[in-house]
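Biologist: Please take me through one part of this model at close range, with the cut-offs spelled out, and then show how it sits among its surroundings.

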Amino acid sequence: MDDPNADTEWNDILRARGILPPKDEQSKESIEDMYVEALNTRKQEQESLENKTLDELDELEDELDDDRIILEYRKKRMQEMQKLAEKDKYGDVTQISKPDFIKEVTEASKDCYVVVHLFKDYIPACKLMNQHLAELAKEFKSTKFVKIVSDQCIPNYPDRNVPTLLVYGEGDIKANIVGAIAFGGMNMTVSSIRAQLAQVGAVPPEKKADEVEGKKKSIYRSSATAALSSDEDDSDDDRGYY
């Protein structure tokens, strides 16, 4: 018996007369819709994989047939983690000396931002700055934080100018922030220092919610710090110790 679905002139005549049923074929629009739907499904699967951890990708290996995609995203995620680990190699504030400056600061800043604190031990604002920088260094391990005695770095550097922060990047100085007053004096906080550093890209800026929290914390400073700040605010000696 002849195939009623065969493309012959005789079958076309029979279909035209209603003797044979219409040939079962999909329209061009229907095929295109199926193709678009398949592409969208594939895209959704890929976007879902991008947001999964390595452990979640492990679980999916037993559920999905296309292991190639899983392995591809696993490799990509591991490369991203490796790059992040390579950048996050600092984490504290290291004291350096003048002979180390070019290597530890200028040369190092070609690969990452370097924050240099010019300080004097006996100045309270410098001690407070060192404490806050230590917190920032722990949080942003891809930024290098160092400190150096001010007049060892710059001969005869006036004590009234410390604490001073120098920010280096791309092998050159990006910012020179002089005096504690730029950070809030003895009321300086981790947030106020971070805000200054974020302006030049040394650390990421805080989110709005974090900024509000930082303002609340600054209200509850110790009475000893408040008294010291008050005494120095009343002084006409602009030594930059506040």
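Modeller: Happy to! The expected span of a helix is 1.5 Å times one less than its number of residues, where helices are DSSP runs of H or I with at least four residues, strands are runs of E with at least two, and both are numbered from the N terminus. Helix 6, with 16 residues, reaches 23 Å from its first C-alpha to its last, close to the 22 Å expected at 1.5 Å a residue. This helix is the part I would like to look at, together with the sheet it lies on.

Before going further, note that this is a predicted model, in which local features need pLDDT of at least 70 and side-chain atom pairs count only at pLDDT 80 or more, while totals for chains, interfaces and linings use all residues. Residues are numbered from 1 along each chain as its sequence is written, and side-chain values use heavy atoms, with hydrogens and water left out.

For the setting, the protein has 10 helices and five strands. Of its 242 residues, 33% count as buried, meaning under 20% relative accessible area, with exposed being over 50% and partly exposed in between (1.4 Å probe, protein chains only). Contacts, defined as heavy atoms within 4.5 Å, are often between residues distant in sequence: among those with a separation of 6 or more, 66% join residues 24 or more positions apart.

Now to the helix itself. In helix 6, the buried residues are A125, C126, L128, M129, N130, H132, L133, L136 and A137. An α-helix has 3.6 residues a turn, so residues three or four places apart point the same way. The buried residues of helix 6 pack against strand 1 (93-95), strand 2 (114-119), strand 3 (144-149), strand 4 (164-169) and helix 8 (190-199). K138, by contrast, belongs to helix 6 (residues 124-139) and counts as exposed, because its relative accessibility is 61%. The C-alpha of K138 is 5.9 Å from that of D92, although the two residues are 46 apart along the chain.

What does the helix lie across? Beneath it is an open sheet of five strands in the order 1-3-2-4-5, with mixed pairing; two strands pair if DSSP finds at least two bridges between them. Strand 1 and strand 5 (172-178) are at the edges with a single partner strand each, so each has one side without a neighbour in the sheet. From one strand to the next the twist averages 25°. Helix 6 lies across strand 1, strand 2, strand 3 and strand 4, and runs at about 165° to strand 2; such angles are taken from 0 to 180 degrees between N-to-C directions, with axes fitted to C-alpha atoms, for helices over the stretch in contact. Helix 8 also packs on the sheet, where it touches strand 2, strand 3, strand 4 and strand 5 and makes about 35° with the direction of strand 4.

Strand 4, touched by both helices, deserves a moment too. Six of its six residues are buried, so strand 4 is largely enclosed by the rest of the structure. T164, L166 and Y168 point one way, while L165, V167 and G169 point the other way. Strand 4 runs antiparallel to strand 2, with five bridges between them: L118 has T164 as its bridge partner, and H117 stands opposite L165. Strand 5 is also antiparallel to strand 4, through six bridges, with G169 opposite D172. Strands 4 and 5 form a hairpin with two residues between them, and E170 in the turn has a positive phi of about 60°.

Finally, the charged contacts around these elements. The structure holds seven salt bridges, each a side-chain nitrogen of Lys or Arg within 4 Å of a carboxyl oxygen of Asp or Glu. One of them joins K120 and D159, with the closest N and O atoms 2.9 Å apart. K120 is in the loop between strand 2 and helix 6 and D159 in the loop between helix 7 (150-153) and strand 4, so this pair ties together parts 39 residues apart in sequence. K120 and D159 are both buried. At the hairpin, E170 forms a salt bridge with K174, again with 2.9 Å between the closest N and O atoms. E170 counts as exposed at 67% relative accessibility, and K174 as partly exposed at 38%.
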